[in-house]
Amino acid sequence: MAEELRKDDEPVKIPEALPVLPLRDVVIFPFMIVPLYVSRERSIKAVDQALSESRMILLVAQRKQEDEDPGADGVYAVGTVAVIMRMLKLPDGRIRVLVQGLSRARITGFDDVPTHMQARIEALPEVEPHERTLELEALMRNVKGALERSAGLGKPISPEVVVIANNMEEPGRLADLAASNLELKVEGAQEILEAVTPLERLRRVHDLVTKELEVLAMQQEISSQAKGEMDRSQREFFLRQQLKAIQGELGEGNELAEEVAAMRDKIAKAKIPKPVQEEVDRQIKKLERMHPDSAETATLRNWLDWMVGLPWSKATKDNLDLKEAQRILDEDHYGLEKVKERIVEYLAVRKLKEKSKGPLLCFVGPPGVGKTSLGRSIARALGRKFVRLSLGGVKDEAEVRGHRRTYVGAMPGRIIQGLNQAGSNNPVFMLDEVDKIGADYRGDPSSALLEVLDPEQNFSFRDHYLAVPFDLSTVLFICTANLVDTIQPAFLDRMEVIRLAGYTEEEKVEIAKRHLVPKQLEEHGLTPEKLAFAESTIRSIIGGWTREAGLRNLEREIAGVVRKVARKVAEGDPKAPTKVSPAMLPKLIGAPKVLPDEVLAQDEVGTATGLAWTPTGGDVLFVEAQVMKGRGQLQLTGHLGEVMKESAQAALSWARARAKAWGLGESYFQKHDLHVHVPEGAIPKDGPSAGVTMATAMLSAFTNRKVRRNVAMTGEITLRGHVLPIGGLKEKLLAAKRAGITTLLVPKKNQKELEEIPALLRRGLEIHFVESVDDVLGHALLPTAKSGRRSHPPARRAGGRRATARPAKKR
């Protein structure tokens, strides 16, 4: 710290040339005593030269601190002449000198001295003001007060300096004293050194010391706030330590520390992937620093519980015995060969390649055909856990992806919850009713499922709650739906659709004997010895009490029969039956609920039999056409949809274009009205496969020729009379067999699809493949009663090829 000396009475004579000592980061003012360390060779030579002469040396600041050997341009022009009071040589080669500033001096030139820098100088004596003005007096008082306040605010100014400043009356020396204690930068201090007049120097110092006071006041305010926070933290820490001590005396340990230690053990056993492990470790360190009773601590605990509980590395071993898997599938389900074949193919691939992506299957079919139970059977055959998630009516995206942890009561999505419930990372995960997913302002769950079900993305599925990736690539996802029309196209594109049609009567009988009847007997406490169902009884229930593609109503009616018998057995009735016959059914479960589909009693004019597809299976559809005198109008009734109305219009247009070939006059359609009706008008009807049926009924009415009652048909037509392919062929064949139809007319383009239908289903059906309406009419219309010959244009034999399914021989 610089100190002030009393002014000597005798003036000091300063030489005209002095050695120069360049200073890197300090400016020395007159009358200040400062220790300096000198290490550069030229500077040491300058000190030695000064000691050998008058002990005086010129101290000047360098313009650039990094300059090791500054020249004439590397130092400022104004410096301070100082006297070397003491000199001490240090062991490392440096010297320490104690100097006292004497007077300001300006460099007028440099002497050419090789060993050190030497300059010719002009002394700048202190100019005393002629009179003390009010401004000068005010500046001096402000500077003195500022120095005193700075010391009070923490500025490192010694009390001796404050006393000397308060007793000082020379404005120039007061300014130098204040500037030397402000810790100014070289540029700012050099400006004050170059200010010759005391008033100008005092003004600059006043501005600097005022700014320093503002900085000190702000610094003290910040320190006070920090100290308040620190005091509060220290108080909380002290109280917490006291609480720990009290808990120790009461035998209550540090639950949080114990919980964290237990959590670390669980994490080590969970074998979490490395990227997830880093996030878990970071959150545990955060938990250790948190207060045990804070709300955020509870949220973090729940998150860590989920992280350690998930099956990151737990997986069940697949049963790769193909024959055993096939046996299990056959044992659980009768039929469904296509689905079983696909599962066995997947197992074969897994056997050849261990790390293979699971298929994404979607079972589409009517209710009750066994889609969900098939998923359980697949899990049993594979030796995996089974998880089922019903998506019917789900509208919130968070149900799939979970909620973010910032929400109160946040939880992971249903996908992660299902995996946690299964306890393995490769279960069979069934997503039920994907065709009934909703969407609203909370998001679209179908879009959220795109990442879950895409094999290219689901290896890093990121749940909103977990916020870390989870690998779903080993999960076998199976979706179920009744219809594909309502499934989002992008969602449907990711799935392998396998259609499950309705069961035939033979299949239902076999399933009832193998599964339904034993199941109901077991659930009602009966044994096969106490109650048995004849095969004819099961057929009667199927035909008279149920009409469905699946088995739910059949199981329900069988349960009703078993309940009645169980009551009689429980009451001890000796007349309780041990075998149920068809004649007993009305007494047990009431009158038949379903009227069986039957063919017409006789061949009729204007009535044709069609086949329709419904979500519950196939059905028989009768189309009636009646011609009457009128003005050429077409009337359609029977609760028809737009597609069926357009089919009727197309059939009528085709008939009018062929009127001459059918022997109809040119004015026939202008003088007659046509009424087309489809019975059971309370039931909505629509679809693209009723065109040929309507055309047949119309032509029968126009030509007064009867339609064969044992012939059923399906197919859409064009204005040119071509027959287009249809869908749901298996369901329509089931409906035809149920109604007693013997002859079917099917579009030729469906011929390949017919080959995939089991021979048992085609048994007893005479199937003709047709290409045009003429082919249809050639098989459906009877010849006229008068001639016994057909009066319509001959059918093209190319489309009338017959495919007769011969009855199988009984063994």
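Which residue in β27 is the bridge partner of Val746? Let's work up to it with a few exercises.

This is a predicted model, in which local features need pLDDT of at least 70 and side-chain atom pairs count only at pLDDT 80 or more, while totals for chains, interfaces and linings use all residues. Residues are numbered from 1 along each chain as its sequence is written, and side-chain values use heavy atoms, with hydrogens and water left out.

**Exercise 1. Find the bridge partner of Val746 in β27.**

Step 1. Start with the elements: helices (H or I, at least four residues) and strands (E, at least two) are DSSP runs, numbered from the N terminus. Strand β26 covers residues 743–747, and strand β27 covers residues 766–770.

Step 2. Check that the strands pair, which requires DSSP to find at least two bridges between them. Here 5 bridges join β26 to β27, and the two strands run parallel.

Step 3. Read off the partner: Val746 is bridged to Phe769 in β27.

Step 4. Look at the surroundings. Buried means under 20% relative accessible area, exposed means over 50%, and partly exposed lies in between (1.4 Å probe, protein chains only). In β27, 4 of the 5 residues are buried, so the strand counts as mostly covered.

**Exercise 2. Describe how Tyr668, Phe669 and Phe702 are arranged.**

Step 1. Recall the rule: rings of Phe, Tyr and Trp (its six-membered ring) pair if their centres lie within 6.5 Å, and planes under 30 degrees apart count as stacked, over 60 as edge-to-face and the rest as tilted. A search of the whole structure finds 5 aromatic pairs.

Step 2. Take one of them: Tyr668 and Phe669 have their centres 5.4 Å apart and their planes at 90°, an edge-to-face pair. Both of these residues are buried.

Step 3. Move on to the partner in another helix. The ring centres of Phe669 and Phe702 are 5.1 Å apart and the planes meet at 85°, so this pair is edge-to-face. Phe669 belongs to helix α22 (residues 668–671) and Phe702 to helix α23 (residues 691–703), so the pair ties together parts that are 33 residues apart in sequence. Phe702 is buried, and so is Phe669.

Step 4. Put the pieces together: Tyr668, Phe669 and Phe702 form one aromatic cluster.

**Exercise 3. Work out which residues of helix α3 are buried and which are exposed.**

Step 1. List the buried residues of α3 (residues 159–167): they are Val161, Val162 and Ala165.

Step 2. Look down the helix axis, taking the arc from the directions between the axis and the C-beta atoms. The buried residues fall within an arc of 100°, so they line one face of α3.

Step 3. Turn to the other side of α3, where Pro159, Glu160 and Asn167 are exposed.

Step 4. Ask what covers the buried residues, counting contact as heavy atoms within 4.5 Å. The cover includes α2 (134–152) and α4 (171–180).

**Exercise 4. Follow the salt bridges of helix α17.**

Step 1. Apply the rule: a salt bridge is a side-chain nitrogen of Lys or Arg within 4 Å of a carboxyl oxygen of Asp or Glu. The count comes to 31 salt bridges.

Step 2. Begin inside the helix. Arg514 and Glu510 meet in a salt bridge of 3.0 Å, N to O. Both lie in α17 (residues 505–523), 4 residues apart, about one turn of the helix. Arg514 is partly exposed, with a relative accessible area of 43%, and Glu510 is partly exposed at 23%.

Step 3. Now step outside it. Glu535 forms a salt bridge with Lys513, with 3.4 Å between the closest N and O atoms. Glu535 lies in helix α18 (residues 535–544) and Lys513 in α17, so the pair ties together parts that are 22 residues apart in sequence.

**Exercise 5. Locate two residues with a positive phi that are not glycines.**

Step 1. Ala467 has a positive phi of about 60°. Ala467 sits in the loop between β11 (461–462) and β12 (469–470).

Step 2. His639 also has a positive phi of about 60°. The place of His639 is the loop between β20 (634–637) and α21 (642–657).

Step 3. Check the exposure: Ala467 is partly exposed at 38% relative accessibility, and His639 is partly exposed at 45%.
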